[in-house]
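User: Please go through this structure with me in the form of questions and answers.

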Amino acid sequence: MKPSSWREVRQWLSRHREWSVFLILCLEILVFYVLLYPDQPGVRHTFFNLETFALIFRNSSVYGIAAIGAAMIITGGGIDLAPGAIIALTTVVIGVLFVHGGVPIFPACLLGLVVGILGGLFTSFLVVTIKLPPFIATLGLMLIARGLGLVISRNEQIFLNLPQHLRFLGIPLPLLPIAVMLALMLAFHWFMLRTPWGRQITAIGGNEVAAKFSGVRVGRIKLLMYLLGGVLAGLSGVMLSAVEKLGRFDLATGYELDIIAAAVVGGASLSGGRGSVLGAVIGSLIFGVLRIGLTQIAGAANYERLIVGIVVVAIVIMDQLTARKETKAA
Amino acid sequence: MTETLIALREIQKSFGATRALDRVSFAVARGSVHAIVGENGAGKSTLMKILMGIHAPDAGQVVLEGRPVTIQNPQAARALGIDIVFQEVVLCGNLSLLENLFLGREQVRRGRMLYPGMRRRTEELLRTVGLHASPDTLVLELSVAQKQMVQIARAILQQPKILILDEPTSALTQDGVEALFTILRRLHQRQVTVLYISHKLEEIFTIADTVTVLRDGGHVWTGPTTEVGPEGLVELMVGRELDLSHRARGRQPGEVLLEAQGLAGEGFADISFAVRAGEVVGLAGLVGAGRTELVESLFGIRPLRQGSIRFRGREIRRASIPDRIQAGLGLVPEDRQFSGLVFSLPLQENVCLPEVATGKLGRFRIARTREQAAARAAIQAMHIVASGPEAEIMSLSGGNQQKVVIGKWLGLRPKLLILDDPTRGIDVGAKAEIHQFIRGIAAEGRGVLMVSSELPELLVLCDRILVMREGSLTGEIPGESATEAAVMRLAVGAEKSMA
């Protein structure tokens with residue numbers, strides 16, 4: 001089915017958001033490839049090599065895992081401002097247990113996950129039972145989690161001296177975040193598209209009233225949604241511990257906005273009912289490439305926030321324009 | 001005297017591959033009440049949106065008072081003296097009646113709002129449309145019919161040259177319809193031209209002097225209403241003959257499905273009745289009688305203050321909505337866009353949502369082939385016109401959207417289906433299909449409780465008609481002996497005859 005015009009290509013891309021973000025990612029990598037092309041022949045390309053890509057993946061995966069949760073929650077009509085704080089609190093808990101409590105690393109990580117679970121339960125309680133708006137509920141959790149992190153860590157950072165060749169399920173530590181992110185991406189993609197729960201989450205985000213009248217148990221599904229979001233944030237925290245080998249209450253500051261931005265770039269609509277897990281992961285990779293790529297350009301690191309902001313606004317504008325065209329047509 | 005106010009010349013409009021209007025041309029005389037009829041998808045709404053500047057035609061011209069005009073947007077349309085009252089409610093629920101009426105055209109002097117003047121005008125307008133409510137009432141507190149009257153008031157506020165009404169009586173009952181006709185007659189006297197889109201042929205013959213028939217995007221006929229009769233009109237619209245006069249044949253009702261005793265809630269009190277298997281029970285009454293409130297309490301949307309509801313022998317008063325659905329209850333709500341459809345999901349996923357939610361299409365994995373088959377079955381059974389199971393809900397016409405809302409219950413086969421105004425704003429052909437669907441449910445030994453403001457529909461479908469007035473049940477009429485007059489008498493109260 002050959003496209004007969006640019007317009008058709010654009011329309012297909014807007015309907016298959018994952019491919020358009022992937023295209024943007026490829027273009028971005030191309031731009032950095034060109035910008036950082038070595039001046040002399042024979043010199044290694046500082047950007048376009050395996051180590052840098054591994055670094056980008058590893059760096060992005062902390063955001064990416066939580067962005068999966070954000071995509072799910074935003075599709076369900078909610079929002080989560082707490083991931084950054086939960087991530088930090090998780091690293092603190094792992095640090096305290098491992099270093100001060102003598103707990104072996106794997107159980108410590110499992111207990112770190114509990115932080116995420118509790119966070120998710122707390123949010124569900126506020127949103128489903130007390131019926132607070134998710135924005136307020138997760139804002140509250142964010143502040144509480146940061147505060148707890150500060151108290152538990154006594155404002156000190158905890159160094160995790162993990163063995164160099166640590167492996168989990170046969171995967172070496174440096175590659176673990178990447179593997180986890182990819183596995184979760186596939187799992188949650190399937191979850192959202194092919195299971196009744198994912199479908200009901202999307203329905204609630206699209207029209208909660210209609211979903212309720214169609215027999216969806218809105219309370220239970222929302223509970224599941226925020227709980228899973230909490231687990232993902234906790235997992236992000238575990239990965240950050242592994243990557244940074246650190247436990248500090250002020251890690252991951254501001255991550256929640258990058259996480260939401262990645263989800264939105266990946267196709268999530270803040271009005272609910274639309275979103276893509278694959279898109280969110282690619283979105284976090286886009287920002288990861290940007291982050292790492294800019295550090296390699298002298299003096300450009302400062303521009304990261306600015307460019308991220310512009311990219312997000314541009315994509316949201318594009319979304320609006322295509323949406324308007326579609327509603328005019330109907 | 002038959003000066004043309006607006007003429008449409010060779011108007012064409014396509015949306016992608018769909019040709020919505022194909023070289024439509026006709027003229028509207030000044031001061032006439034000009035009806036536009038046609039099945040869903042015939043192009044009526046699209047044509048009106050072009051007149052209102054919401055769409056631009058691909059080809060053709062709109063000629064106003066002899067001059068071709070380009071209407072860029074609704075403000076431009078209003079500046080030209082064209083205004084419209086939509087079928088769907090487009091008011092701001094969180095604002096009051098007064099604020100909605102004057103939204104965008106508030107009376108201001110030097111930055112301050114002239115409330116006394118606006119308030120007086122609001123009260124005047126509300127009296128004209130027959131809405132008994134305070135200007136400070138929030139719109140979200142009104143029923144759908146009352147909201148529609150507010151929309152009509154808003155449109156006549158600026159005294160337009162030409163007023164377009166898109167299915168204005170779809171949410172009104174007899175009182176409201178008569179009030180509307182009085183307004184229209186008044187406007188007619190002031191030489192205001194009215195374009196009236198409706199499926200209700202009796203109304204067209206009462207109020208309109210000219211009628212235009214559209215079919216499949218093309219213009220079929222325009223002429224005086226005196227030159228054509230209702231059957232002729234239907235034939236022109238549909239291209240085939242339709243028989244809507246099937247009376248319900250007396251069926252032997254089976255077991256009691258629903259038993260309501262002493263129900264009281266917000267808007268109704270002391271309601272007791274029963275619905276049996278194989279019955280179609282109608283619920284008639286004027287706007288504000290409490291029918292929607294009662295039906296929402298039966299389904300679990302509104303809380304019940306008193307009374308008991310037994311469904312197939314079990315008390316369901318405290319059951320949640322999903323539990324009631326699991327037990328075998330289904331609801332087609334009054335406001336389909338707001339409570340019936342999820343616009344971000346395609347047709348297939350909307351139609352199958354109750355089955356997915358109750359686990360019937362798989363507990364851990366949605367069985368895609370079964371889902372597609374169920375969706376196709378629903379599309380076929382309800383004759384839904386769409387590009388396929390993957391169609392966006394937004395791309396369907398109002399009538400087809402309503403069929404999706406009803407079609408949601410095909411798969412679950414609830415023992416009792418409750419419908420609130422299911423054929424509101426739906427064309428003749430689709431209405432007949434929905435009626436057939438309702439009869440089919442009863443024939444299978446299941447039950448139907450149907451709220452409707454359309455007496456002919458109730459007379460044709462129901463085995464029994466319950467009538468409500470101001471929150472209480474005033475009577476019950478068996479189907480065979482039901483007449484419009486008998487129902488109206490109970491709906492309006494014998495007191496009227498004393499006045």
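The questions and answers below concern a predicted model.

User: Which domains does the assignment give for chain B, and how far apart do the C-alpha centres of domain 1 and domain 2 lie?
Analyst: The assignment divides chain B into domain 1 (4-238), domain 2 (243-328 + 414-499) and domain 3 (341-409). For domain 1 and domain 2 of chain B, the separation of the C-alpha centres is 31 Å.

User: Which residues have the most contacts inside the largest nonpolar core?
Analyst: The largest nonpolar core has 169 residues. Domain 2 (243-328 + 414-499) and domain 3 (341-409) of chain B both contribute residues to this core, so it lies between them. Apart from it there is another core, of 66 residues, including B:Ile11, B:Val62, B:Ala77 and B:Val139. Within the largest core, the residues with the most contacts are A:Ala67, A:Ile68 and A:Ala263.

User: Is helix 11 of chain A enclosed or open, and which of its residues are in contact with A:Ala67?
Analyst: Helix 11 (residues 255-265) of chain A is largely enclosed by the rest of the structure, because ten of its eleven residues are buried. Among these buried residues are A:Tyr255, A:Glu256, A:Asp258 and A:Ile260. Beyond its neighbours within four places in sequence, A:Ala67 touches A:Ala280, A:Val281, A:Gly283 and A:Ser284, among others. From helix 11 of chain A, whose buried residues include the three named here, the partners of A:Ala67 are A:Ile259, A:Ala262 and A:Ala263.

User: What phi does the glycine that follows helix 11 of chain A take?
Analyst: The glycine in question is A:Gly267. Its phi is positive, near 120°.

User: How many residues of helix 9 of chain B are buried, and what phi does B:Gly300 take?
Analyst: Helix 9 (residues 291-299) of chain B is mostly covered, with eight of its nine residues buried. The buried residues include B:Arg291 and B:Glu296 as well as B:Leu294, B:Val295, B:Leu298 and B:Phe299. Just after this helix, B:Gly300 has a positive phi of about 105°.

User: Where does A:Asn155 lie, and what is its phi?
Analyst: A:Asn155 belongs to the loop between helix 6 (134-153) and strand 1 (158-159) of chain A. A:Asn155 counts as exposed because 11 other C-beta atoms lie within 10 Å, and the limit for that class is 12 or fewer. Most residues other than glycine have a negative phi. For A:Asn155, which is not a glycine, phi is nevertheless positive, at about 60°.

User: Where does B:Arg312 lie, and what is its phi?
Analyst: The loop between strand 16 (306-311) and strand 17 (314-315) of chain B holds B:Arg312. B:Arg312 is partly exposed because it has 16 C-beta neighbours inside 10 Å. Although B:Arg312 is not a glycine, its phi is positive, at about 50°.

User: Which helix supplies the largest share of the side of chain A that touches chain B?
Analyst: The contact takes 23 residues from chain A and 30 residues from chain B. On the side of chain A, helix 8 (196-206), helix 9 (208-213) and helix 13 (304-329) each supply at least two residues. The residues on that side divide into nine nonpolar, nine polar and five charged. The largest share, six residues, comes from helix 8 of chain A.

User: What is the C-alpha distance between B:Gly60 and B:Arg23?
Analyst: B:Gly60 is in strand 4 (residues 59-64) of chain B and is partly exposed, with 18 other C-beta atoms within 10 Å. Leaving aside its neighbours within four places in sequence, B:Gly60 has contacts with B:Arg9, B:Glu10, B:Ile11 and B:Gln12. B:Gly60 and B:Arg23 are 37 residues apart in sequence, while their C-alpha distance is 7.4 Å.

User: How does strand 21 of chain B pair, and which residue in its hairpin with strand 22 takes a positive phi?
Analyst: Strand 21 (residues 464-469) pairs with strand 22 (residues 472-478) of chain B in the antiparallel sense over six bridges, with B:Arg469 opposite B:Ser472. Strand 21 also runs parallel to strand 15 (residues 280-285) of chain B, joined by five bridges, and B:Ala284 stands opposite B:Val467. Five of the six residues of strand 21 of chain B are buried, so this strand is largely enclosed by the rest of the structure. In the hairpin of strands 21 and 22, with two residues between the strands, the residue with a positive phi, near 50°, is B:Glu470.

Notes:
Residues are numbered from 1 along each chain as its sequence is written. Chains are lettered from A and ligands numbered from 1 in the order in which they are written. This is a predicted model: local features need pLDDT of at least 70, side-chain atom pairs count only at pLDDT 80 or more; totals for chains, interfaces and linings use all residues. A residue is buried if 20 or more other C-beta atoms lie within 10 Å of its own, exposed if 12 or fewer, and partly exposed in between; C-beta atoms are placed from the backbone. Helices (H or I, at least four residues) and strands (E, at least two) are DSSP runs, numbered from the N terminus. A nonpolar core is a set of buried Ala, Val, Leu, Ile, Met, Phe, Trp, Tyr and Cys residues joined through C-beta atoms within 7 Å. Domain bounds come from an automatic or database domain assignment. Two residues are in contact if their C-beta atoms, placed from the backbone, lie within 7 Å. Ala, Val, Leu, Ile, Met, Phe, Trp, Tyr, Cys and Pro count as nonpolar, Asp, Glu, Lys and Arg as charged, and the others, Gly among them, as polar. Two strands pair if DSSP finds at least two bridges between them.
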